[in-house]
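Colleague: I'm just getting started with reading models like this one. Could we go through it together, one question at a time?

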Amino acid sequence: MTEYVIDKLGQHGDGIIDMRDMDVFAPRTLVGERVTGTIVGSDLTDIRILEPSDQRIKPVCRHFKTCGGCSLQHMHPDTLAAWKLEQARSVLALEGLTPPMRPIITSPSHSRRRATFVARRTKKGAMIGFHARKSDTMVEILECPLIEPALLAGLDGLREITVQFGSRKGSLKIAATVTQNGLDVWISEGKDLSPKDSADLGAIAARHGFCRIAWNGDVIVQAAPATVSFGSTKIPLPEGAFLQATKHGEDTLVKSALEAVAGSKSVVDLFAGCGTFAIQAARTSSVHAVEGDANMTGALDAAWRGSTGLKPVTSETRDLFERPLLEDELS
């Protein structure tokens, strides 16, 4: 087989071989590695590492080679941090921006509080996992070094749901989030439920401590509010609410943002979601929060009205891609 050398990494972490007339992508390879493989379209397949990089390490997850969820577990953490920083710097440079850059801060293992799984019923039970890389093939996961233990523990309940309501011909898409009252579970691409099905779903939720289950966009079970806290303020999570993947990451970003706006009398929070930054900025500044989803601005407003000790927070539902704030509005 032909030998190749990895010239650089792409924006998704794939190794890239510069073939002059095209780039060939080689997943799970590192810069400088000498490899062999077969070029299929723009991808290198059947890859064999002949000369590994000194930055290559052993992946921490047994599913790394097959699961499509992670792409760079084989890279030394220091090299990975430098690569991430360069990705951010290069994107900003395209717009002529060269700001000072803080170091990368990485969330610890087992801290991801939300994930979207694929689930399928089998002859003997059910499989829960993720898609393989660039594939509809499902990879069942038995462990994951990224997600919170509460999320991993919830897989038993998701399997029970899949066994009872899933299909062997198709897959369920299950988005699950760890909240203060249990898992918030949103299931799509499932069959229509009967009244008995809905009651059975409620029983499963009770057994496994799920606070809410929605099926194809409709809330079927609401055992307790699905809430998170921004600072000391509790926020009821609306449908489709954006939440930082880890609490550690959220706290880090909020701390940096509050340092940046320290001393400001008024702050505008664009793409505000349901208040990750706005609520905490309101401890010292009045805030105008702008978000395109009315459910999220509604949750933000309700949370602020139910809080004490905060400066005024106004919210506006607005598509910032179609109607960005103009200069006179910002002033």
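Colleague: Which residue in β5 is the bridge partner of Val 5?

Modeller: Start with the two strands: β1 (residues 3–5) and β5 (residues 34–40) run antiparallel, joined by 3 bridges. Helices (H or I, at least four residues) and strands (E, at least two) are DSSP runs numbered from the N terminus, and two strands pair if DSSP finds at least two bridges between them. In β5, the partner of Val 5 is Arg 34.

Colleague: Before we go on, what pLDDT do local features need here?

Modeller: Residues are numbered from 1 along each chain as its sequence is written, and side-chain values use heavy atoms, with hydrogens and water left out. This is a predicted model, where totals for chains, interfaces and linings use all residues, side-chain atom pairs count only at pLDDT 80 or more, and local features need a pLDDT of at least 70.

Colleague: Okay, back to β5. Which residue takes a positive phi in the hairpin of β5 and β6?

Modeller: β5 runs antiparallel to β6 (residues 43–51), with 6 bridges joining them. One of the matches across the pair is Ile 39 with Leu 44 in β6. The hairpin has 2 residues between the strands, and the one with a positive phi, near 65°, is Gly 41.

Colleague: Now the 7-strand sheet. Which strands stand at its edges?

Modeller: Read the order across this open, mixed sheet: β9-β8-β7-β10-β11-β12-β13. On average, neighbouring strands are turned by 35° against each other, direction ignored; axes are lines fitted to C-alpha atoms, for helices over the stretch in contact, and angles run from 0 to 180 degrees between N-to-C directions. Two strands have a single partner each, so one side of each is left without a neighbour in the sheet: β9 (138–140) and β13 (218–222).

Colleague: How many residues lie between β7 and β8 in their hairpin?

Modeller: β7 (residues 114–121) and β8 (residues 126–131) pair in the antiparallel sense over 4 bridges. You can spot Val 118 opposite Gly 129, and Ala 119 has Ile 128 as its bridge partner. The number of residues between the two strands is 4.

Colleague: And β7's pairing with β10: which residue in β10 stands opposite Ala 115?

Modeller: These two strands also go antiparallel, over 6 bridges. Opposite Ala 115, you'll find Ala 176.

Colleague: What angle does helix α3 make with β8?

Modeller: α3 (residues 155–165) packs on this sheet, touching β7, β8, β9, β10 (172–179), β11 (182–188) and β12 (210–215). Contact here means heavy atoms within 4.5 Å. Compare its direction with that of β8, and you get about 110°.

Colleague: Which strands hold the rings of Phe 117 and Phe 130?

Modeller: Rings of Phe, Tyr and Trp (its six-membered ring) pair if their centres lie within 6.5 Å, with planes under 30 degrees apart counted as stacked, over 60 as edge-to-face and the rest as tilted. Phe 117 and Phe 130 are 5.2 Å apart centre to centre with 25° between the planes, so by that rule they're stacked. The pair ties together parts that are 13 residues apart in sequence, because the two rings sit in β7 and β8.

Colleague: What about the 3-strand sheet: which residue in β18 is the bridge partner of Glu 291?

Modeller: This open sheet has the order β16-β17-β18, with parallel pairing. β16 (266–270) and β18 (313–317) stand at the edges with a single partner strand each, so one side of each lacks a neighbour in the sheet. β17 (residues 286–291) and β18 are joined by 5 bridges. Among the matched residues, the partner of Glu 291 is Thr 317.

Colleague: Which helix lies across β17 and β18?

Modeller: Neighbouring strands here are turned by 15° against each other on average, direction ignored. Running at about 170° to β18, the helix (residues 294–305) is α7.
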